[in-house]
Amino acid sequence: MRHLLILSHGASGTSAVVDQLFNNKNVFLQYNKEPLNTKDPPRRNTRILHGIHWYDEHITELVNLAESNEQKLLIHIKPMHLSPISVSIAEAVQKLHHQFDFILILRKNYLARKCSAAFKLLQRKNNSPQAKVTLNINAADFAEDDRTHREMLRLTEPCNPFFIDYERDLHQNTRKTIDSLCHHFEFYHPYQYRPMKPNYHAKKNQWSAIKLQDKIANFDEIRDKLSGTKYEWMLHE
């Protein structure tokens, strides 16, 4: 049985994808969505920092649990999860592609993604839609983000990934995107949608309608940095 791996940065619409896929009877419902996140609040994954192999023992245990239910395991790996366990993106892809089909999500608007991640952390401390974040970004950050996106595309291309463009696909029609994904990997079945991740819906409803300039305290400073560059379009999500 082949399983499902989402490869993306944070704040790229992964919760929306997981929320839909958990409605599929072929997908195993489990909540250690990010098994390589060693900062996961329940501290479920810290054992991979202390001698337990990240794949052969840790992820394989989740695979076996899903297969015992005759279902697909669904996990999400972010590039930032790999550095603390000294694993490269290339090594992760090489190891995982034997058992996993890849779902590659790219949210090209680095500014919006950075804002969403910072806003999420802020909301945990100050649950107010009026709160604003201050972002410290420069041109090098945008260039590094471009480089990582290109690397993920290059490394996963031989694995025939299902590619999701956040701005084009998820932002427009999440259900249609997920139906296409299920057809692509041949495990589609019709279902009556119901929310499977209530916390995702709570934050989506609270944050999604707020414009960038209303979430970023130093928006004018960032606008001055990006105006006239190839990243200027990111100011207008």
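Which residues point one way from β3 and which the other way? The legends below take up this question first, for a model that is predicted.

**View 1. Strand β3 and the side chains on its two faces.** In this predicted model, F100, F102, L104 and L106 point one way from β3, whereas D101, I103 and I105 point the other way, and all of these residues are buried. Because seven of the seven residues of β3 are buried, the strand is largely enclosed by the rest of the structure.

**View 2. The strands that pair with β3, and the pairing of β1 with β2.** Strand β1 pairs with β3 in the parallel sense over five bridges, and within this pair I6 stands opposite I103 of β3. Strand β4 likewise pairs with β3 in the parallel sense, here over four bridges, with F163 of β4 standing opposite L104. Strand β1, which covers residues 3–7, is also joined to β2 by four bridges, and these two strands run parallel; in this pair L7 stands opposite I77 of β2.

**View 3. Strand β2 and the surroundings of H76.** From strand β2, which covers residues 74–77, L74 and H76 point one way while I75 and I77 point the other way, and all four are buried. H76, which lies in this strand, has a relative accessible area of 1% and is therefore counted as buried, the cut-off being under 20%. The side chain of H76 is joined to that of S8 by a polar contact of 2.9 Å. When residues up to four places away in sequence are not counted, H76 touches I6, S8, H9, T14, K33, E34, P35 and H81.

**View 4. D165 at the end of strand β4.** D165 lies in strand β4, which covers residues 162–165, and with a relative accessible area of 6% this residue is buried. A polar contact of 3.0 Å joins the side chain of D165 to that of K108. Leaving out residues up to four places away in sequence, D165 touches K108 together with L106 and L170.

**View 5. The largest nonpolar core and a second, separate one.** In soluble globular proteins, nonpolar side chains tend to be buried together. The largest nonpolar core of this model has 28 residues, and those that touch the most other members are L36, W54, I59, L73, I77, L96 and F100. Two or more residues are given to this core by each of β1, α2 (54–68), β2, α4 (89–96), β3 (100–106) and α6 (139–156), and α2 gives the most, with six residues. A second core, separate from this one, has 21 residues and includes L74, F162, I178 and Y191.

**View 6. W54 and its contacts.** W54 is one of the residues that touch the most other members of the largest nonpolar core. Leaving aside its neighbours within four places in sequence, W54 is in contact with L36, I48, I59, I85 and V87, and also with E91, A92, K95 and L96.

**View 7. Helix α2, its length and its kink.** At 1.5 Å a residue, the 15 residues of α2 should span 21 Å, and the C-alpha atoms at its ends are 20 Å apart, which agrees with that expectation. The helix nevertheless has a kink of about 35 degrees, centred on T60. An α-helix has 3.6 residues a turn, so residues three or four places apart point the same way. The buried residues of α2 are W54, Y55, H58, I59, T60, L62, V63 and A66, and what covers them includes β1, β2, α4 and β3. Just after the helix, E70 takes a positive phi of about 55 degrees.

**View 8. Positive phi angles in two loops.** In the loop between β1 and α1 (14–21) lies A11, which has a positive phi of about 55 degrees although it is not a glycine. With a relative accessibility of 29%, A11 counts as partly exposed, because this value falls between the 20% and 50% cut-offs. N160, which is found in the loop between α6 and β4, also is not a glycine, and has a positive phi of about 50 degrees.

Key. Residues are numbered from 1 along each chain as its sequence is written. This is a predicted model: local features need pLDDT of at least 70, side-chain atom pairs count only at pLDDT 80 or more; totals for chains, interfaces and linings use all residues. Side-chain values use heavy atoms; hydrogens and water are left out. Buried means under 20% relative accessible area, exposed over 50%, partly exposed in between (1.4 Å probe, protein chains only). A polar contact is a pair of N or O atoms within 3.5 Å; within protein, one must be able to donate a hydrogen and the other to accept it, and residues adjacent in sequence count only if both atoms are side-chain atoms. Contact means heavy atoms within 4.5 Å. Two strands pair if DSSP finds at least two bridges between them. A nonpolar core is a set of buried Ala, Val, Leu, Ile, Met, Phe, Trp, Tyr and Cys residues joined through side-chain atoms within 4.5 Å. The expected span of a helix is 1.5 Å times one less than its number of residues. The bend at a residue is the angle between axes fitted to the seven residues ending there and the seven starting there.
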